[in-house]
Each structure stands twice: as C-alpha cells, then as structure tokens.
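Here is a short report on a ligand site and a helix pair. Please look at the model first.

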Amino acid sequence: MSILNDIKENLIKGKAKIVVELVNQALNDGIGAKQILEEGLLAGMNVIGEKFQKNEVYVPEVLVAARAMSKGTEVLKPYLAASGVEPIGKVCIGTVRGDLHDIGKNLVKMMLEGKGFEVIDLGTDVAPETFVETAKNEGCQIICCSALLTTTMGAMKEVVDCAVAAGIRDKVKIMVGGAPLTDAFCKQIGADAYTPDAATAADVAASFVGK
Ligand code: B1M
C-alpha cells in the first residue's frame with residue numbers, strides 16, 4: 001500500500017510532521033494501527049538500523065528518524081492499546097552509576113522501541129540496585145546497561161552481582177554496551193551479551209525473547 005511506503009520513506013528521512021500527517025491519514029483510510037506500525041514505522045526504522053550498522057547513516061540521521069518514529073507511534077498508541085497489540089518484551093535501560101553520557105543509550109532505547117519492545121528508561125547515573133529492582137518489579141526480561149567511561153564500566157559487574165543476589169539472574173538477560181566495552185569484558189563480568197551498536201543491540205534483545 002503506497003501510503004505505508006510513504007510513511008516508511010518519510011520516517012527514513014526523519015520528516016516527523018509528514019509522518020504524523022500520513023499516519024493520521026492512514027487511520028482515516030481505515031488501515032489498522034498494527035499494519036501502520038509494522039509496515040510503515042517499524043519498516044522504516046529497520047532500514048535506518050541496517051544503514052546505521054553499515055555506516056551509511058550516522059547518529060544525527062538516526063536521532064531524527066527515531067523522533068519521527070516516536071511522533072508516529074504517539075498517534076497510534078491509543079489504537080494499538082484498543083486493538084491489543086502486545087509489546088514483544090520489556091526492557092529496562094540506563095547509563096550506569098557515575099556516568100552521565102546518554103546519547104548512545106537513547107539510541108539503543110529508540111532501536112528497542114523500533115523493534116516493538118516496551119522500554120523503561122532509567123536515565124543516567126543509575127545504581128545497580130535500581131536496574132535490578134526495576135527488572136524484578138516490572139517483569140523485564142532484559143536489563144540494558146550503557147557506559148562511556150572506563151571508570152564506570154566496573155558498575156556493570158555490580159549490576160550482574162546484584163541480579164544474582166536478588167535471585168533473578170536466571171530470569172533476566174543482562175546486555176552491555178558503550179564505546180569502551182568489549183566482548184571480553186562482557187564475558188569477564190558474566191553479562192549475557194555485548195553489542196557494539198544500537199541496531200545490533202535491538203536485534204540481540206529480540207532474539208533473547210524469541211523474535
Ligand atoms: Co564525555 N567522555 N565526559 N561527555 N564524551 C568521552 C566518552 C571521552 C572518550 C572523551 C575523550 O576524552 N576523548 C572521555 C572518556 C575517556 C575514558 O573514559 N577513557 C570522556 C570524559 C573523560 C568525560 C568527562 C569525565 C569529562 C570531564 O568532565 N572531565 C565527563 C564525565 C561526566 C560523567 O559522565 N560523569 C564527560 C562529559 C561529557 C558531556 C556531558 C560533555 C557529553 C555527554 C552528553 C550526553 O551524553 N548527554 C560528553 C560527550 C558528548 C562525549 C563524547 C564526545 C561523545 C560520546 C557520544 O555520545 N558518542 C565522547 C568522545 C567520543 O566518543 N568521541 C566522550 C556518540 C554515541 C552514539 O556513541 O555512546 O558509544 P556511544 O553509543 C554507541 C555504542 O557504544 C552503542 O550504541 C551506540 C551507537 O550505536 N552503545 C550500546 C552505547 N550504549 C549501549 C548500550 C547497550 C548496547 C550498545 O546496551 C545493551
């Protein structure tokens with residue numbers, strides 16, 4: 001359907017205002033919210049994710065596309081709730097204790113939402129206990145931790161330890177990322193996955209919930 005393709009193409013270009021207009025128009029045309037989400041918004045975000053992985057687009061393009069995605073999703077939210085579209089899973093995400101960098105974390109959040117996850121954003125400077133208590137109380141399947149400083153990476157091990165102490169380590173996957181991180185570090189601290197970029201993080205998270 002060409003209007004869905006128009007939504008997708010305008011999302012890729014980051015044209016939030018046009019995306020909102022087209023989403024409203026599609027709803028008026030009688031197209032279902034789920035179809036608009038999947039074949040318009042998510043389809044566009046997937047293209048952006050792939051291009052980002054291949055370095056064909058950069059952070060600014062991803063941010064404007066993600067903004068268009070969230071504006072379009074806002075329009076759809078009441079319809080999606082009414083039609084009972086379930087998120088594919090629940091994640092809590094934050095930048096670890098002592099660390100205030102949030103651009104990468106926000107990108108990961110947007111990519112996760114683009115995949116269909118419900119995301120609880122804990123913000124920056126998040127204590128290990130907050131990650132774990134949120135996952136426990138909110139029933140998150142995945143905890144995502146971001147760190148940009150070599151001095152704050154160690155707080156990720158505390159998140160893992162805290163999940164063990166709280167008795168939820170076998171119920172929750174812990175994903176880590178951020179510029180100073182490596183796969184070796186992830187293994188060393190006993191986390192479940194390191195991913196180098198936001199799009200891969202969303203792909204791996206989806207695989208953790210069987211999608
Ligand atoms: Co700061 N900073 N900064 N900084 N900062 C760095 C990180 C630094 C490398 C700069 C440098 O010295 N060359 C350096 C760290 C050195 C080190 O630790 N070895 C540094 C420093 C030292 C500091 C301060 C200590 C400076 C000072 O005050 N003396 C201070 C620390 C404050 C604190 O956190 N307590 C500080 C402050 C700041 C600003 C506030 C000014 C600002 C942050 C603004 C904000 O985030 N709202 C800032 C910025 C912007 C940077 C640089 C320039 C850019 C970081 C960034 O946003 N990159 C950075 C230098 C650089 O990288 N060139 C630097 C873009 C972002 C998209 O990339 O976050 O890596 P990134 O995310 C990627 C992947 O890593 C991955 O996905 C994203 C893209 O796909 N990813 C994940 C990220 N998180 C993930 C989580 C996952 C999976 C993937 O979970 C599953």
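Which element gives the largest share of the shell around the ligand? Helix α5 does, with 4 residues. The model is predicted, and every value below is computed from it.

## Ligand shell

The ligand has 27 residues around it. Leu100, His101, Asp102, Ser146 and Ala198 come nearest. By class, the shell holds 16 nonpolar, 8 polar and 3 charged residues.

Several elements build this shell. Helix α5 (103-115), strand β3 (142-146), strand β4 (173-177) and helix α9 each supply at least two residues.

## Cobalt donor

Which protein residue donates to the cobalt atom of the ligand? His101 does, through NE2, at 2.2 Å. It is the only protein donor of that atom. His101 sits in a loop, with β1 (89-95) on one side and α5 on the other. His101 is also among the residues that come nearest to the ligand.

## Backbone polar contacts

Backbone atoms also meet the ligand. For Gly98, a backbone N or O atom lies 3.0 Å from a ligand nitrogen atom. For Thr150, a polar backbone atom is 2.9 Å from an oxygen atom of the ligand. For Ala179, a backbone N or O atom is 3.3 Å from a ligand oxygen atom.

## Helices α3 and α9

Helix α9 (residues 198-208) also pairs with helix α3 (residues 33-53): their axes come within 8 Å. At what angle do the axes cross? The crossing is roughly 120°, so α3 and α9 are oblique to each other.

On the α3 side, the contact involves Gly49, Phe52 and Gln53. On the α9 side, Ala198, Ala199, Thr200 and Asp203 take part. By class, this contact has 3 nonpolar, 3 polar and 1 charged residues. Ala198 thus appears twice in this report: it meets α3, and it is among the residues nearest the ligand.

How values were computed. Residues are numbered from 1 along each chain as its sequence is written. This is a predicted model: local features need pLDDT of at least 70, side-chain atom pairs count only at pLDDT 80 or more; totals for chains, interfaces and linings use all residues. Side-chain values use heavy atoms; hydrogens and water are left out. Axes are lines fitted to C-alpha atoms, for helices over the stretch in contact, and angles run from 0 to 180 degrees between N-to-C directions. Angles under 35 degrees count as roughly parallel, over 145 as roughly antiparallel, 65 to 115 as roughly perpendicular and the rest as oblique. Contact means heavy atoms within 4.5 Å. Ala, Val, Leu, Ile, Met, Phe, Trp, Tyr, Cys and Pro count as nonpolar, Asp, Glu, Lys and Arg as charged, and the others, Gly among them, as polar. Donors are N, O and S atoms within 2.8 Å of the metal (3.2 Å for Na, K and Ca); water is not among the atoms, so sites may look incomplete. A residue is near a molecule or strand if one of its heavy atoms lies within 4 Å of it. A polar contact is a pair of N or O atoms within 3.5 Å; within protein, one must be able to donate a hydrogen and the other to accept it, and residues adjacent in sequence count only if both atoms are side-chain atoms.
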